[in-house]
Amino acid sequence: MLPPGPREPAALQTVEWILRPTALLRRAQARYGEPFTIRTAWSDAPMVLVSDPAEIKRVYAASPDMLQGGESAAFLEPFTGPSSILVLHGEEHLRRRRQVLPPFHGDALRRWSATMAEIAHAELDTWEPGRPLRARERMQRLTLEVIQRVVFGSRDEELRDALRRALDMTNSTPKLVGMSLTGPTKAFMRAVAQIDELLLARIAEARRRQGFAVRNAFGGLDSPVDPQGRASSAVTCILDLLAAAEPSDRVLRDQLVTLLAAGHETTATALAWALERLARHPEALARCRDDDAYVDATAKEVLRVRPVLSITSRRVLQPWTVGGYTLPPGVYVSPCLYLAHRRPELWPDPTGFRPERFLDGAPEPYSWVPFGGGTRRCLGAAFASLELREVLRAVASRFALRPDRAAGERMRRRSVTLAPARGAVVIPNPLA
Ligand code: HEM
């Protein structure tokens with residue numbers, strides 16, 4: 001028997017999961033305590049939600065043959081391809097993850113901060129004083145530009161437009177639900193084919209740059225080697241780094257699409273929430289002007305109070321006990337990031353926006369989990385955090401913000417993310 005949960009039919013729970021996701025989560029927790037079970041058409045089996053840090057830790061620490069990640073991203077496979085780390089499991093997942101991780105970690109990260117700041121300032125140059133803007137759209141443009149620049153080393157408008165077409169389809173909730181039920185549409189597959197063509201051309205250029213002769217996984221032919229060995233020693237972008245480690249064009253293509261898809265919408269949503277919150281907390285934005293620790297605390301508080309993803313799911317492969325229940329194989333156990341970040345015993349004034357709370361030391365382990373955890377923890381966590389800090393610093397240095405309405409925006413589902421319902425409308429005023 002599964003833990004209790006809302007009694008409405010799955011169809012009704014699905015509607016609520018899409019239209020009022022946070023209300024559903026709060027109501028179920030208040031009524032049934034934890035763990036509780038949710039049934040929606042969104043996933044192919046019931047999801048058992050937990051938000052106690054001790055339970056979250058157990059889930060993230062479980063071995064992949066007990067609890068399997070990557071299942072809930074399976075619907076993305078027509079886009080990301082079968083070699084994407086989003087959809088792989090077990091050893092193969094870890095191997096590919098290790099390949100992709102280095103440029104997103106440690107010292108390697110620092111090389112991207114100037115690019116991020118430059119792109120942020122170019123975006124701010126377009127802001128008109130006193131004129132309301134929808135921050136989410138602006139931040140989508142900005143984060144797509146950032147991830148493209150660091151991955152490919154240059155602007156690429158053709159690829160950007162093709163990506164936008166495919167991403168817009170995966171970001172529309174109704175289209176996404178439709179595609180997860182009936183498979184990808186023809187229009188979607190056309191957009192993917194166009195991206196593939198462009199990506200394979202970029203990969204061929206990278207191979208030429210590096211002077212690699214490698215098997216082309218699409219045609220089984222050897223890629224030509226640049227006779228001049230142009231720029232073979234200059235590693236300027238993530239594509240060059242990954243191409244050096246991965247001989248198959250097809251696999252490389254899947255990793256590139258994964259980074260572009262996973263790295264752009266999530267960060268744009270987090271930035272949109274940051275501006276939505278800061279417009280209503282001008283004192284916090286003012287403090288970001290000259291206090292780097294506070295910028296970092298602000299980015300963390302935004303991700304706590306408005307987590308971009310509400311849950312992270314793992315498929316139960318071997319019976320899993322939680323709260324006195326034994327979950328059978330097939331169902332999901334899902335740490336709920338949204339509820340974990342609102343536990344009053346861990347977060348005094350949980351709905352308040354108080355970046356200061358992160359200045360007093362690290363939170364309790366597994367109580368702040370906007371990037372998930374364990375071997376499936378967000379690969380771009382450090383990269384996204386850097387981008388949040390760079391953009392916030394740039395905004396704070398040039399603008400004051402105010403909201404168009406006093407009331408904060410509701411959290412609304414946009415595909416897998418929880419986004420500001422009205423697109424984060426803010427009014428910028430340049431600093432004197
Ligand atoms: C604020 C921005 C972001 C948020 C909130 C976020 C959040 C998450 C979460 C919650 C997961 C699932 C973790 C789990 O199941 O335990 C995830 C996975 C992932 N994220 Fe992010 N992400 C962000 C930005 C990025 C960026 C910038 C990139 C790449 C450049 C990225 C790449 C990935 C990848 C590849 C995975 C799959 C990891 C795996 O399965 O091994 N994300 N992200």
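Biologist: In which loop is cysteine 378 found?

Modeller: The model is a predicted one. In it, cysteine 378 belongs to a loop flanked by two helices. These are helix H16 (337-340) and helix H17 (381-398).

Biologist: Which protein atom is the donor of the iron atom of the ligand?

Modeller: A donor must lie within 2.8 Å of the metal. One protein atom alone meets this criterion, at 2.2 Å from the iron. That donor is the SG atom of Cys378.

Biologist: Which helix gives the most to the largest nonpolar core?

Modeller: The largest nonpolar core has 104 residues, and Leu25, Phe79, Trp127, Leu275, Phe383 and Leu401 have the most contacts inside it. With 15 residues, the leading contributor is helix H13 (residues 249-279).

Biologist: With which residues is leucine 275 in contact, leaving aside its neighbours within four places in sequence?

Modeller: Leucine 275 is among the residues with the most contacts inside the largest core. Once neighbours within four places in sequence are set aside, its partners are Trp127, Ala135, Met139, Leu392, Val395, Leu401 and Val426.

Biologist: Which are the edge strands of the open sheet of five strands?

Modeller: The strand order is S1-S2-S8-S5-S3, with mixed pairing. An edge strand pairs on one side only. S1 runs antiparallel to strand S2 (residues 47-50), joined by three bridges, and phenylalanine 36 stands opposite leucine 49 in S2. The edge strands are thus S1 (36-38) and S3 (67-68).

Biologist: What angle does the direction of helix H3 make with that of S8?

Modeller: Helix H3 (residues 53-61) packs on the sheet and touches S2, S3, strand S5 (314-316) and strand S8 (332-335). Its direction and that of S8 form an angle of about 125°.

How values were computed:
Residues numbered from 1 in each chain as written. Predicted model: local features only at pLDDT ≥ 70, side-chain atom pairs only at ≥ 80, totals over all residues. Heavy atoms only, no water. Pairing = 2+ DSSP bridges. Helix = DSSP H or I, 4+ residues; strand = E, 2+ residues; numbered from the N terminus. Contact = heavy atoms within 4.5 Å. Axes fitted to C-alpha atoms, helices over the stretch in contact; angles between N-to-C directions. Core = buried A, V, L, I, M, F, W, Y, C linked by side-chain atoms within 4.5 Å. Buried < 20%, exposed > 50% of the residue type's maximum accessible area, 1.4 Å probe, protein only. Donors = N, O, S within 2.8 Å, 3.2 Å for Na, K, Ca; no water.
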